[in-house]
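Subject: A structure for you to look at

Hi there,

Here is the structure I promised to pass on. Please open it beside this email and follow along as you read.

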Amino acid sequence: MSNNTASNRNVFSVALTADFYHADGSPKYADMGLSVFEDVPYITCTPFTEHQAQITPEQICDAQGVIVLTPAVLASTVSRAEKLLAFGRFGVGYDAVDVDACTQADVAVFITRGAVDRSVAEATVGWMLALTHQVRAKDLLVRTGQWDERSKFMGCELRDRTFGTVGLGGIAQKTMALLRGFGMNKPIAFDPFVSQEKASELGVELVELDELMRRADFVSIHCPLSDATKGLIGEHQLKLMKPEAYLINTARGGIVDEEALYTVLQSSRIAGAALDCFADEPVTSAHRLGELPNVLLAPHCIAWTNELFRDIGRAVCHGMVDLSCGKMPNGVVNPEVFKRKTYQEKWNRYIQKTQITDGSNHHE
């Protein structure tokens, strides 16, 4: 697919991983934000011809930018990246990207910071309501003709309960904003990278992780997966939770120890959990946690909406346009690459001289 034509001298080539499309070449999603490129005549946009778990150098070919949905980016991916300037992650997670290898290969990596906040926040609140009102169990009562069993499944409100977030970034902040109308207690957060002053501005009490696990009625994970956060919520932390508390993970599998979580859920040490992500993905056979009645599961898509894909798509496409104009995109996770002389030399070969938008075709 090419959205426009341009002379060879002016072409800035953007590729998309094949998992945005069905086998027949039709798009899987209603709006991926590609309309951003319609008014940029020198950008061509073409999908990979096949989906692979890891992007290969051959798939990148002569592209200056690659928009990535699910495939991993490994050191081998960028082993021949003479023309490639950036990977744009369609989302905010980049644990499947070897950022150090990209930097050494003079390739930038950027994410769509902020574009996912609303949808993930809505999904988090929705799960909180579904868990506390026992939606799954009550639905099953009707489906199985057990109407008279309903008094055994009393729910609880969000009112007067405490929301605790592990990570205090944009998603957590948007979730707390949506929760303000429910009459909950002051939220608490664990985030070693946030100052007390910032937390006070947000109306949040900063606490240590163990205290959060003890006090929160909802422990919601909103931090990235890294060496520091892998296994962060393990047996010790889970056993600190209240019996009536719930755990929600819309971030990344691996942050929560799934075996320890299974144990506390099976023994009703905590009230329930909702998980959108898992240590090993994709999950292609029945997951062990699915055996438990107090668990809600989703295949890493609980926040997927048409609006989400539109907003993410627009953000990543704008990032590619910025790059083509000599501007650093928003959400770059390895900004040091832009200071490398070898990157600057490669970038200069592809910067467009045509004036667009505000005309600011300069390095920032």
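Below is what I found in it, starting with the cores and moving on to a helix pair and some single residues.

Please keep in mind from the start that this is a predicted model.

**The cores**

Let's begin on the inside. Which residues touch the most other members of the largest nonpolar core? They are Phe20, Phe37 and Ile67, in a core of 43 residues. Several elements supply at least two residues each: the strands S1 (12-16), S2 (43-47) and S5 (108-110), and the helices H3 (117-132), H10 (306-324) and H11 (341-350). H10 gives the largest share of this core, with eight residues.

To get a feel for this region, try selecting isoleucine 67. Setting aside residues up to four places away in sequence, isoleucine 67 touches Val14, Ala15, Leu16, Thr17, Phe20, Gly88, Phe90, Val316, Cys317 and Met320. Apart from this core lies another one, made of 33 residues, including Leu232, Leu247, Ile255 and Leu292.

**Two helices that cross**

Next, find H3 again and look for helix H5, which covers residues 170-178. The axes of H3 and H5 come within 8 Å and cross at roughly 55°. That angle is neither under 35 degrees nor in the range of 65 to 115, so H3 and H5 are oblique to each other. Their crossing is right-handed.

Which residues make the contact? From H3 they are Asp117, Arg118, Val120, Ala121, Glu122, Thr124 and Val125, and from H5 they are Gly170, Ile171, Lys174, Thr175 and Leu178. Sorted by character, the contact has five nonpolar, three polar and four charged residues.

One of these deserves a second look. Is aspartate 117 buried or exposed? Its relative accessible area is 16%, so aspartate 117 is buried, the cut-off for that being under 20%. Aspartate 117 is in helix H3 and, leaving out residues up to four places away in sequence, touches Gly170, Ile171 and Lys174. Lysine 28 is 89 residues from aspartate 117 along the chain, and their C-alpha atoms are separated by 22 Å.

**Backbone details**

Most residues other than glycine have a negative phi, and most peptide bonds are trans. With that in mind, here are three spots to check.

- The peptide bond from glutamate 281 to proline 282 is cis, with omega near 0°. Proline 282 sits in the loop between strand S11 (272-275) and strand S12 (295-297).
- Cysteine 61 is not a glycine, but its phi is positive, near 55°. You will find cysteine 61 in the loop between helix H1 (57-60) and strand S3 (65-68). Its relative accessibility is 54%, so cysteine 61 counts as exposed.
- Histidine 300 also has a positive phi, of about 50°, although it is not a glycine. Its place is the loop between S12 and H10. With 23% relative accessibility, histidine 300 counts as partly exposed.

**Three more residues to visit**

Isoleucine 302 lies in the loop between S12 and H10. At 32% relative accessibility, isoleucine 302 is partly exposed. Not counting residues up to four places away in sequence, isoleucine 302 touches Ala123, Trp127, Thr250 and Asp276. Glutamate 345 is 43 residues away from isoleucine 302 in sequence and 42 Å away in space, C-alpha to C-alpha.

Aspartate 95 is in the loop between strand S4 (86-89) and helix H2 (99-104). Its relative accessible area is 40%, so aspartate 95 is partly exposed. How far apart in space are aspartate 95 and serine 226? They are 131 residues apart in sequence and 7.1 Å apart in space, C-alpha to C-alpha. With residues up to four places away in sequence left out, aspartate 95 touches Leu225 and Arg252.

Last comes isoleucine 188, in strand S7 (residues 188-190). With a relative accessible area of 0%, isoleucine 188 is buried. Leaving aside neighbours within four places in sequence, isoleucine 188 is in contact with Thr162, Phe163, Gly164, Thr165, Val204, Glu205, Val207, Leu212, Arg215 and Ala216. Threonine 165, one of these contacts, is 23 residues from isoleucine 188 along the chain, with 6.5 Å between the C-alpha atoms.

Enjoy exploring, and write back with any questions!

Best wishes

Notes:
Residues numbered from 1 in each chain as written. Predicted model: local features only at pLDDT ≥ 70, side-chain atom pairs only at ≥ 80, totals over all residues. Heavy atoms only, no water. Core = buried A, V, L, I, M, F, W, Y, C linked by side-chain atoms within 4.5 Å. Buried < 20%, exposed > 50% of the residue type's maximum accessible area, 1.4 Å probe, protein only. Helix = DSSP H or I, 4+ residues; strand = E, 2+ residues; numbered from the N terminus. Contact = heavy atoms within 4.5 Å. Axes fitted to C-alpha atoms, helices over the stretch in contact; angles between N-to-C directions. Parallel < 35°, antiparallel > 145°, perpendicular 65-115°, else oblique. Left-handed = near helix turned anticlockwise from the far one by under 90°. Nonpolar A, V, L, I, M, F, W, Y, C, P; charged D, E, K, R; others polar.
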